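Biologist: I should like to discuss the charged side chains of this protein. Please display the sequence and the structure before we begin.

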Amino acid sequence: MPIICDCHVHLYPAYDLETALRAALENLSTLAGAEAIKVICLTERFDCHYFKQIKQEELKVENLKFNLINEDGPVEVEFIDSEKLYIFAGRQIVTKERLELLALTKDVDVPDGLPYESAIKQINQQGALAVVNWAPGKWFGRRGELIKQIFNNYASAEIAICDTTLRFAGWTKPTLMQQAFSDGRAVLAGSDPFPLNNEYSRIGSYALLYHSADAQCLLADKFKTLLIDANRCAITVGSRPGVLNFALR
């Protein structure tokens with residue numbers, strides 16, 4: 001069964017939640033077909049706690065039903081027309097060095113401002129997949145050297161990479177990303193929307209597609225393994241914006 005996953009998703013107060021989740025469902029369906037299992041991995045910043053609010057039944061949306069599959073898995077979002085979207089927990093952490101780390105599949109408790117070594121250690125100890133997120137300007141100069149150190153010091157199961165729509169169409173894959181991919185480190189893909197009203201429509205537009213995967217992977221630990229194996233099992237699908245759109249963002 002195909003599984004498609006946007007690996008870098010923010011839900012912000014600026015969004016209408018139903019509209020944002022419907023956009024994710026429709027974009028992922030366009031890329032993978034109606035029969036695919038559609039997944040988004042949240043990467044919530046310090047002031048957002050949508051996954052926790054959904055699990056604790058603090059969020060009610062008229063045309064959506066939230067179902068907890070199991071304690072160690074995603075929330076199933078059931079739409080009024082019976083279509084489904086799965087949401088995994090996850091957080092975004094900004095380190096002392098201003099590197100952007102993601103913690104995928106778990107709602108970890110790791111504060112911003114830690115040295116990157118401490119942040120990566122805590123993410124892994126809490127069972128999430130640590131990910132270095134690509135962003136313009138953050139993989140060059142001094143921080144670029146830190147990225148090299150991270151790739152030299154951590155195994156592929158300890159930290160992956162996420163490419164995003166902030167790398168505009170036509171921008172060649174960065175050398176560090178190419179090298180990491182060649183070395184077997186997972187290169188994920190995600191939309192990384194901004195906290196602006198119209199950005200919700202970007203969710204699900206850039207993702208990983210697994211043409212064949214076991215539905216049992218919808219457990220945090222198994223889905224984490226699937227992400228680690230992305231280079232072997234998945235392809236990147238979707239689109240990144242052009243230069244003008246990039247500049248406006």
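Biologist: Is Lys-148 buried, partly exposed or exposed?
Modeller: This is a predicted model, and the relative accessible area computed for Lys-148 is 38%. Buried would require under 20% and exposed over 50%. Lys-148 is therefore classed as partly exposed.

Biologist: Which residue meets the side chain of Lys-148 in a salt bridge?
Modeller: Lys-148 lies in helix α4, residues 141-153, and its partner lies in that helix too, three residues apart, about one turn. The N to O distance of the pair is 3.4 Å, and the rule asks for a distance within 4 Å. The partner, partly exposed at 42% relative accessibility, is Glu-145.

Biologist: How many residues apart in sequence are the parts that Arg-22 and Asp-81 tie together?
Modeller: The side chains of Arg-22 and Asp-81 meet in a salt bridge of 3.3 Å, N to O. Arg-22 belongs to helix α1 (residues 17-32), whereas Asp-81 sits in the loop between β4 (75-79) and β5 (84-88), so the separation of the parts joined is 59 residues.

Biologist: Which residue is linked with Arg-22 and Asp-81 in a network of salt bridges?
Modeller: Asp-81 itself is partly exposed, at 39% relative accessibility. The network of salt bridges links Arg-22 and Asp-81 with Glu-83.

Biologist: What is the distance between the closest N and O atoms of Lys-106 and Asp-72?
Modeller: Asp-72 has a relative accessible area of 30%, and is partly exposed. Lys-106 forms a salt bridge with Asp-72, and their closest N and O atoms are separated by 2.7 Å.

Terms used:
Residues numbered from 1 in each chain as written. Predicted model: local features only at pLDDT ≥ 70, side-chain atom pairs only at ≥ 80, totals over all residues. Heavy atoms only, no water. Helix = DSSP H or I, 4+ residues; strand = E, 2+ residues; numbered from the N terminus. Buried < 20%, exposed > 50% of the residue type's maximum accessible area, 1.4 Å probe, protein only.
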